[in-house]
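User: Please take a close look at one helix-to-helix contact and at one residue within it, and then place that contact beside other helices of the chain.

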Amino acid sequence: MLQSNPTINSIFDIKSEADFNRAALNVFEYQYKNLPIYRSFCDALGRTQPKHYTEIPFLPISFFKTHKILSEEFLGEDLLLFKSSGTTIGTRSQHFVAFPEIYERSFLHTFKEQMSDPKDSIIMALLPNYVQQGESSLVYMVDQLIKESNHPLSGFYLSDPDSLIQAIAKAKQEEKQIILFGVSYALLDFAEKKVDLSGAKILETGGMKGRRKEMIKEELHQILKEGLNVSEIYSEYGMTELLSQAYTDGSEYFKMPQWMRILIRDVNDPFHLLPDGRTGGVNIIDLANYYSCSFIATDDLGVKDVNKFKILGRFDQSDMRGCNLLVN
């Protein structure tokens, strides 16, 4: 079924704005027909026949906490399920994934294009492993990247940072890109050890979990640069509710894959989209979310600059993938 779906294949073969618009309208048509809650939402707004992707309604991200956002054809099936890290007072978002291979195709392509080919890399993580956090989409992704690297030094090291120091020393003797994922507090702890990671790419995934004082991103990154002897700290923008990611390009801006778009909405009028350079609410189109919902109004505040965007804050305390409660 998946292999014969022309829309899925077209999503990962987008080359132009026209290609994206065509694919987005095809995805909308499918989701309007097959997602009852999304159809009801569009009907209530009276927006059911968009002519361009900017006219497509964006489902509030909170619906992933209150409804099963999934195509009717998969209701009742036992599917891969990702859950947000959650809070002690809030309901966790749930994202049912009909075809894990779509997620894997998405993150492998983007990671290879924007960060490094996993096969040419040694991938280490200061994150809980898949056995500990199998409901985390971030941990699922990193686990698959580690397997794709097929290297004995790749792995999860959160519970044994001393072994990570030894592994880094060995990895630096090889001609491979070293990549280290980590929650913020674990990276800060590691940076205090003054480990030389020059030449490596550090990917911080957020999260203090009360173990460290909260700090602005610039302050965090400066401490990590100095402690780990690197010139750049990279970040990933991803959520439980998405099957695609964006990575910073060495600056504070995130770059999107070709099947993803960011639109900025007016905080006082959600149907009014703002031009580049204006701050507002972040709407995301993630066409890889074919069997759930590709059109999501997030709780983030941001600003867009052509094909890049940066995040400036949140409307509330909703949970980003890889955030502060990932680690128990």
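Analyst: The account below begins with a single residue and its helix and then turns to other helices.

This is a predicted model, in which local features need pLDDT of at least 70, side-chain atom pairs count only at pLDDT 80 or more, and totals for chains, interfaces and linings use all residues. Residues are numbered from 1 along each chain as its sequence is written, and side-chain values use heavy atoms, with hydrogens and water left out.

Phe-190 lies in helix α8; helices (H or I, at least four residues) and strands (E, at least two) are DSSP runs, numbered from the N terminus. Phe-190 counts as buried because its relative accessibility is 1%; buried means under 20% relative accessible area, exposed over 50%, and partly exposed in between, with a 1.4 Å probe and protein chains only. Leaving aside neighbours within four places in sequence, Phe-190 is in contact (heavy atoms within 4.5 Å) with Leu-126, Pro-161, Leu-164, Ile-165, Ile-168, Leu-180, Val-195, Leu-197 and Leu-228. Between Phe-190 and Lys-172, 18 residues apart in sequence, the C-alpha to C-alpha separation is 17 Å.

Phe-190 also belongs to the set Ser-184, Leu-187, Leu-188, Phe-190 and Ala-191, through which α8 meets Leu-220, Ile-223, Leu-224, Gly-227 and Leu-228 of α9. By class, this contact of α8 with α9 has eight nonpolar, two polar and no charged residues; Ala, Val, Leu, Ile, Met, Phe, Trp, Tyr, Cys and Pro count as nonpolar, Asp, Glu, Lys and Arg as charged, and the others, Gly among them, as polar. The axes of α8 (residues 184–191) and α9 (residues 217–228) come within 9 Å and cross at roughly 35 degrees. Axes are lines fitted to C-alpha atoms, for helices over the stretch in contact, and angles run from 0 to 180 degrees between N-to-C directions. The crossing of α8 with α9 is left-handed, that is, the near helix is turned anticlockwise from the far one by less than a right angle, whereas clockwise would be right-handed.

A second pair is formed by α5 (residues 100–114) and α6 (residues 137–149), which pack at about 70 degrees with axes 11 Å apart. Helix α5 is therefore roughly perpendicular to α6, a term for angles of 65 to 115 degrees. Their crossing is right-handed. The residues of this contact divide into nine nonpolar, two polar and two charged.

Finally, the 18 residues of α2 (residues 17–34) should span 26 Å at 1.5 Å a residue, and the end C-alpha atoms are 25 Å apart, which agrees; the expected span is 1.5 Å times one less than the number of residues. The buried residues of α2 include Phe-20, Val-27 and Tyr-30.

How values were computed: Angles under 35 degrees count as roughly parallel, over 145 as roughly antiparallel, 65 to 115 as roughly perpendicular and the rest as oblique.
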